[in-house]
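Below are some comments on the model you sent, set out as numbered points. They begin with the chain as a whole and then turn to one sheet.

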Amino acid sequence: MTTTIQSPVALVRNGNVARIILNRPEAANAIDIATANALLDTVLRVEEDDTVRCVVLTGAGKLFCGGGDVASFASAGGELPTLLKQLTGPLHAAINRMLRMPKPLVVAVNGTSAGAGLGLSLIGDIVIAVQSAKFVPAYGAIGLTADGGLTWLLPRLIGMRRAQEMMMTNRSVSAEEAVRWGLITRAVEAEVFEQDIQETAERLAASPVRAIGRLRSLLLSSHTNAVETQMELEAATMAQCGRDVEAQEGIAAMLQKRKADFSLL
């Protein structure tokens with residue numbers, strides 16, 4: 001295992017799994033401009049690293065992410081609008097790259113997520129939270145609207161009515177409720193949280209990652225495409241996969257009644 005500290009974001013490599021860690025535990029992993037820039041830089045690095053086959057996003061300490069750094073908002077005074085644009089620019093770019101990168105993303109919600117942290121906690125292909133985690137919009141408490149793609153994510157994940165209530169009343173959602181709503185994949189006890197994250201990441205890293213990358217793109221485009229357009233994309237993407245060594249290995253393995261090995265392709 002290798003660790004690169006890119007304060008306030010840490011990057012930890014364990015084989016072909018890269019773990020991106022929001023690394024300001026003393027400040028609830030709140031996102032200031034330095035954190036947003038560091039996150040974008042780290043995401044670009046793992047996206048371009050062909051040896052990384054799965055990415056895990058998590059937080060250091062007891063919280064996943066408390067949202068934007070309110071202390072920096074207060075000190076900005078009349079420059080707050082400029083600061084907010086300087087903050088959301090790299091943050092949104094990082095979220096966009098994590099949504100679109102051609103490799104699977106697991107989000108390990110190690111504690112409560114709020115504000116922009118809520119958006120970050122929901123972007124994974126698989127989202128695993130500790131049972132004690134809570135999901136809180138938080139923006140209304142400080143008179144701001146949402147960022148981090150939250151107004152796009154929430155209606156698609158839990159429906160417009162629940163999204164309206166959650167965001168407009170600043171409703172806190174427990175991990176158990178988040179599972180029932182389809183907000184996250186599953187909630188687990190703290191004792192098995194790390195084991196679950198590691199096993200899930202390793203299973204994804206051993207899967208046909210190129211095909212998963214194309215599947216991620218298909219799922220993202222399904223929100224805006226007509227069914228005919230989407231099926232055309234499905235057919236074209238499947239043919240593209242058919243030219244890839246992953247499909248050749250998978251088909252051969254099935255016929256030979258053995259487990260496919262995609263890790264070295």
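1. In this model, which is predicted, residues 24 or more positions apart make up 67% of the contacts in the protein chain that have a separation of 6 or more.

2. As to secondary structure, the protein chain holds eleven helices and ten strands. Its radius of gyration is 19 Å, close to the 18 Å given by the globule rule for 265 residues, so the chain is as compact as a globular protein of that length. The C-alpha trace spans about 65 × 45 × 35 Å along its principal axes.

3. On burial and surface, 47% of the 265 residues of the protein chain count as buried, where the cut-off is under 20% relative accessible area. The protein chain exposes about 13,000 Å², and carbon and sulfur atoms supply 57% of that area.

4. With regard to charge, the protein chain carries 25 positive and 27 negative charges, and the mean positions of these two sets lie 3 Å apart.

5. One sheet deserves a description of its own: three strands, in the order β6-β8-β9, form an open sheet whose pairing is mixed. Because β6 (113-114) and β9 (173-174) stand at the edges and have a single partner strand each, one side of each is left without a neighbour in the sheet.

6. Within that sheet, strand β8 (residues 134-136) and β9 run antiparallel and are joined by two bridges. In this pairing F135 stands opposite V173 in β9.

Terms used
Residues are numbered from 1 along each chain as its sequence is written. This is a predicted model: local features need pLDDT of at least 70, side-chain atom pairs count only at pLDDT 80 or more; totals for chains, interfaces and linings use all residues. Side-chain values use heavy atoms; hydrogens and water are left out. Helices (H or I, at least four residues) and strands (E, at least two) are DSSP runs, numbered from the N terminus. The radius of gyration is taken over C-alpha atoms; the globule rule is 2.2 Å times the number of residues to the power 0.38. Buried means under 20% relative accessible area, exposed over 50%, partly exposed in between (1.4 Å probe, protein chains only). Contact means heavy atoms within 4.5 Å. Accessible areas come from the Shrake-Rupley method with a 1.4 Å probe; for residues, only the protein chains shown count as cover. Lys and Arg count as positive and Asp and Glu as negative; His and the chain ends are not counted. The place of a charge is taken as NZ of Lys, CZ of Arg, CG of Asp or CD of Glu. Two strands pair if DSSP finds at least two bridges between them.
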